[in-house]
Every structure is written in structure tokens, then in C-alpha cells.
Amino acid sequence: KGEITLRTYEEKEQVVVEIIDNGPGIPKKIQSRILEPFFTTKPPGQGTGLGLSVSRSLVETAGGTMELTSQDGQGSSMLITLPLASAEENNGD
């Protein structure tokens, strides 16, 4: 049975979000490409390959990072870090 674990915490003035699954993992030969626009492993007509690319763009625009860790047969983990906003930033000052 597939499981997804979500962890959130604060570390070094950043918000950290970890998304971990126990799936089959992502083969090494495509790991470096999964955040590229239009890259997909789905059959034609079943995905645009934009989901992770758009997610990365949004995270980077906010000053954060996305990092994949995966091993064949052992699941995958996506680590997202975002800077904490100061009180002044939240108030628009």
C-alpha cells in the first residue's frame, strides 16, 4: 500500500516541508530531469510535465529551494525550503 508522509518544521529561519513516499523510487537516469518543463514519464495525453516545474518556479520565486532524494525500490523525498517572512514583510511595511 502506497503511503505519503508530510513533515513541516522551522529550521534556521526557514520553513521546511518534506514530502516522502514509499513508492518504487525514481530511476537515477531521470532524476536530474524531473523538474524540467514538459518532462513526463506518462503516456502521451496523460500529463503535461509541468507540475513539478511550475512548483519549482513558485518555490524559487519565493526565495526557496526544492531538492529530490530517491533510490530505486526505496521511495522518494522532496525537500522544500522557504524563507520565513518577517513581521514587517507580513504587514506590507
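Is Lys 12 buried or exposed? In this predicted model, Lys 12 is exposed, with a relative accessible area of 75%.

## The loop between strand 1 and strand 2

Lys 12 is placed in the loop that runs between strand 1 and strand 2. Glu 13 is found in that loop as well. With a relative accessible area of 65%, Glu 13 is exposed, because the limit for that class is over 50%.

The backbone of this loop deserves a comment. Most residues other than glycine have a negative phi. Lys 12, although not a glycine, has a positive phi of about 50 degrees. Glu 13 is not a glycine either, and its phi is positive at about 60 degrees. As for position in space, the C-alpha atom of Lys 12 is separated by 36 Å from that of Gly 47, a residue 35 places away along the chain.

## Salt bridges

Two salt bridges are present in the structure. Side chains of opposite charge can pair when their charged atoms come close. One of the two bridges joins Glu 18 to Arg 7, with 3.9 Å between the closest N and O atoms. This pair links distant parts of the chain: Glu 18 belongs to strand 2 (residues 14-21) and Arg 7 to strand 1 (residues 4-11), with their positions 11 residues apart in the numbering. The partners fall into separate accessibility classes: Glu 18 counts as buried at 15% relative accessibility, whereas Arg 7 counts as partly exposed at 43%.

Glu 36 and Arg 33 also form a salt bridge, and here the closest N and O atoms are 3.2 Å apart. Glu 36 is partly exposed, its relative accessible area being 32%. Arg 33 is likewise partly exposed, with a value of 37%.

## The nonpolar core

In soluble globular proteins, nonpolar side chains tend to be buried together. In this model, the largest nonpolar core has 10 residues. Its members are Val 17, Ile 26, Ile 30, Ile 34, Leu 35, Phe 39, Val 59, Met 66, Met 78 and Ile 80.

Leu 35 is one of these core residues. When residues up to four places away in sequence are not counted, Leu 35 touches Leu 52, Ser 53, Arg 56, Met 66 and Met 78. Met 66 and Met 78, which appear among those contacts, are also listed in the core.

## Buried residues of strand 4

Strand 4 spans residues 76-83 and contains Thr 81. Thr 81 is buried, with a relative accessible area of 11%. The side chains of Thr 81 and Thr 65 are joined by a polar contact of 2.6 Å. Leaving aside residues up to four places away in sequence, Thr 81 touches Gln 14, Val 15, Val 16, Val 59, Gly 64 and Thr 65. Among them, Val 59 is a member of the largest nonpolar core.

Ser 77 is also found in strand 4. At a relative accessible area of 16%, Ser 77 is buried, because that class takes in values under 20%. Under the same sequence exclusion, the contacts of Ser 77 are Glu 18, Ile 19, Ile 20, Glu 67, Leu 68 and Thr 69. One of these, Glu 18, is the buried acidic partner in the salt bridge with Arg 7.

## A nonpolar surface patch

Ile 4, Leu 6 and Ile 19 form a nonpolar patch on the surface, and together they have about 320 Å² of accessible area. Ile 4 is found in strand 1 and counts as exposed at 67% relative accessibility. Ile 19 lies in strand 2 and is partly exposed, with a relative accessible area of 34%.

Which residues does Ile 4 touch, not counting those up to four places away in sequence? The contacts are Ile 19, Ile 20 and Asp 21. Ile 19 is therefore both a patch member and a residue within the 4.5 Å contact limit of Ile 4. Ile 19 is also touched by Ser 77, a residue of strand 4. Finally, Ile 4 and Leu 79 are 75 residues apart in sequence, while their C-alpha atoms are 13 Å apart in space.

Technical notes
Residues are numbered from 1 along each chain as its sequence is written. This is a predicted model: local features need pLDDT of at least 70, side-chain atom pairs count only at pLDDT 80 or more; totals for chains, interfaces and linings use all residues. Side-chain values use heavy atoms; hydrogens and water are left out. A salt bridge is a side-chain nitrogen of Lys or Arg within 4 Å of a carboxyl oxygen of Asp or Glu. Helices (H or I, at least four residues) and strands (E, at least two) are DSSP runs, numbered from the N terminus. Buried means under 20% relative accessible area, exposed over 50%, partly exposed in between (1.4 Å probe, protein chains only). A nonpolar core is a set of buried Ala, Val, Leu, Ile, Met, Phe, Trp, Tyr and Cys residues joined through side-chain atoms within 4.5 Å. A polar contact is a pair of N or O atoms within 3.5 Å; within protein, one must be able to donate a hydrogen and the other to accept it, and residues adjacent in sequence count only if both atoms are side-chain atoms. Patches are made of residues with over 30% relative accessible area and no salt bridge: like charges are joined within 9 Å, nonpolar side chains (Val, Leu, Ile, Met, Phe, Trp, Tyr) within 5 Å. Accessible areas come from the Shrake-Rupley method with a 1.4 Å probe; for residues, only the protein chains shown count as cover.
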